[in-house]
Amino acid sequence: MTPLEPWERVYIKDSFMDSLHGFIDCGWCHEGNESGADKDEAHEDLVHYPSEEARFYCAPCHEEQAQHYRESIHTTQEGYYERFELRSGYDLRSEGYEHALEEFEGECGKCHASCGQCHVTRPVTVGSGLNWAHEFKKTPDLKTNCTACHGSRVGEEYTGGHEGLKTDVHYIPGAKRCEFCHSAHEMHGGDGTVLTYRFDENNSEAPRCETCHSYAQESNSYHQQHWAGTSGVTLSCQVCHSQNYKNCNGCHVGGDGITGSSYLTFEIGRNYLKGNARYQDYDYITVRHIPIAPNTYEPWGIADLPNFENSEPTWKMTIPHNIQRWTPQTQVAEGAGCSTACHNSQYYLRASDIALYENANYNEDTGETGYGYSGLTRELQANKDVIIP
Amino acid sequence: MLSRTVFAYKALLIACMVMLAGILTGCEPDEEPDDEKVYPDTSCVNCHMDKDLLKEVADPIEQTEDSGEG
């Protein structure tokens, strides 16, 4: 994504002035002082991002979207807060944690998206700036909006950014984009149900492959066995149809970011969400390592997450966005069964894999380990419901 | 009496011709037609549609290629 020049970030073109929003007085959304004699005077009390207060500035015309958007996880980031609470044992928003909450909102919390960050500007996390000279776009741009935030994993996987890996089969530049699967209804908060995180069992708007591909359930023996379930073991679609994807270790707040390693791998784990109304139909799923560590929040004075090993796994359910019909899992020799590629294979997440990847200095090129990792026992415990024995 | 009436008609005719000439003259463009559209004359638009001005006064801000998340 090409950065915008400083002037481009605030430059307005005829295309905006000719659009519907261009007929609205600037001050109606941005306040400020239109009669100011200079830049400073004109920008007094300026509202840079009106849609942060969508109920005031957007709701008069877009009432339904503004109402539901307030409850969407793009806005609330409830998943961030809930995961923190599960691992730490306390709610950041409760009394006594004001300092931690301030730090959390200043760093993790800034990733939330307002209406404008999808429909007018680039997201604030990448420096913002008017995306189309202030023109409003009904559908956000894949590159400058969606993958500006969801870039390092989803974006690179979807568009074939990893060397040696193919794009997602659904990716057709300029045609099939994010909205092909992720509806506006989903992005805007669905029917107003407040979700705790994206895999919330009440997330009725989450895309399902079956919506388009249900006809294929009986199309071959693999689908019959592992999708229809005649074998007694069901797999998520990604188990067979995704390629290697990115995993990370050791994220730390306070500006350090990822202090561990990033590596491409593919791991099948047990579905620890089984029983969740929305994801209960798979026995095995693809899992991705997230970079949480017991000392992730140390720079904020939170030295440890006491529930690290007894709350959430660190190898979590993932929906890699690099789907292909033919993958190393589905390509087997002529006449061979699927077991030759998959059953009891290297793709299973074993305890030994936890040890291998959890090493902060793991090198995906050489496979070198040997630096030790003091938190390995906790990692093994945290993933006990995911690891395949 | 008749001459007065004729004079009045002549005067009215001349007046009409003068007015018509005035109208026609007034309708003629003073300058070459300007294709640029005219937008509300607010200080916001004046500055934010002026690329050269913005290049002088716009504040630089740190931008990244992607947020590194997700």
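## A walk through chain A

Just after helix α11(A), Gly160(A) adopts a positive phi of about 75 degrees. That glycine is a handy place to start a tour of this structure, which is a predicted model.

Let us stay with the helix that comes before this glycine. Helix α11 of chain A covers residues 151-158 and is mostly covered, with six of its eight residues buried. The buried ones are Gly151(A), Ser152(A), Arg153(A), Gly155(A), Glu157(A) and Tyr158(A). What do the buried residues of α11(A) pack against? Their partners are α10 (142-149), β1 (245-248) and β6 of chain A.

**The chain as a whole**

Stepping back, chain A holds 17 helices and seven strands. Its C-alpha atoms fill a box of roughly 75 × 50 × 40 Å along the principal axes. For 389 residues, a compact globule would have a radius of gyration near 21 Å, and the 23 Å of chain A agrees with that. Of these 389 residues, 44% count as buried. Sequence-distant contacts are well represented too: among contacts in chain A between residues at least 6 apart in sequence, 62% join residues at least 24 apart.

**The sheet with β6**

Strand β6, which α11(A) packs against, also belongs to an open sheet. This sheet has three strands in the order β5-β6-β7 (chain A), paired antiparallel. At its edges stand β5 (267-270) and β7 (315-317) of chain A; each has a single partner strand, so one side of each is left without a neighbour in the sheet. On average, neighbouring strands here are turned by 55 degrees against each other, direction ignored. Strand β6 (residues 284-289) of chain A is joined to β7(A) by three bridges, and the two run antiparallel. Within that pairing, Val287(A) has Met317(A) in β7(A) as its bridge partner.

The loop between β6 and β7 of chain A is where you will find Gly301(A). Is Gly301(A) buried or exposed? Gly301(A) is exposed, with a relative accessible area of 64%. In space, Gly301(A) and Ala100(A) are 8.1 Å apart, C-alpha to C-alpha, although 201 residues separate them in sequence.

**Aromatic rings and charges**

Now for the rings. How many aromatic pairs does a search of the whole structure find? Over all chains, there are 15 aromatic pairs. In one of them, the rings of Tyr81(A) and Phe104(A) have centres 4.9 Å apart and planes at 50 degrees, so the pair is tilted. Tyr81(A) sits in helix α7 (residues 78-88) of chain A and Phe104(A) in helix α8 (residues 98-107) of chain A, so the pair ties together parts that are 23 residues apart in sequence. Both Tyr81(A) and Phe104(A) are buried. The rings of Tyr197(A) and Phe199(A) have centres 6.1 Å apart and planes at 85 degrees, so this pair is edge-to-face.

Ring pairs also build a cluster out of Tyr81(A), Phe84(A), Tyr90(A), Tyr97(A), Phe104(A), Tyr297(A) and Trp300(A).

Charged side chains meet rings as well. Arg83(A) lies over the face of Tyr197(A), at 3.8 Å from the ring centre. Across chains, Lys55(B) lies over the face of Trp7(A), at 5.0 Å from the ring centre.

**Two histidines**

His68(A) has its place in helix α5 (residues 63-69) of chain A. Leaving aside neighbours within four places in sequence, His68(A) is in contact with His188(A), Gly189(A), Gly190(A), Asp191(A) and Gly192(A).

His226(A) belongs to helix α14 (residues 221-226) of chain A. With neighbours within four places in sequence again left aside, the contacts of His226(A) are Ser231(A), Val233(A), Thr234(A), Leu235(A) and His343(A). C-alpha to C-alpha, His226(A) and Gly161(A) are 30 Å apart in space and 65 residues apart in sequence.

The two histidines and the edge-to-face ring partners can be set side by side by burial.

| Residue | State | Relative accessible area |
|---|---|---|
| His68(A) | buried | 16% |
| His226(A) | buried | 13% |
| Tyr197(A) | buried | 15% |
| Phe199(A) | buried | 6% |

Technical notes:
Residues numbered from 1 in each chain as written. Chains lettered and ligands numbered in written order. Predicted model: local features only at pLDDT ≥ 70, side-chain atom pairs only at ≥ 80, totals over all residues. Heavy atoms only, no water. Phe/Tyr/Trp six-rings, centres within 6.5 Å; stacked < 30°, edge-to-face > 60°. Helix = DSSP H or I, 4+ residues; strand = E, 2+ residues; numbered from the N terminus. Buried < 20%, exposed > 50% of the residue type's maximum accessible area, 1.4 Å probe, protein only. Lys NZ or Arg CZ within 6 Å of the ring centre and 35° of its normal. Pairing = 2+ DSSP bridges. Axes fitted to C-alpha atoms, helices over the stretch in contact; angles between N-to-C directions. Rg over C-alpha atoms; globule rule 2.2 N^0.38 Å. Contact = heavy atoms within 4.5 Å.
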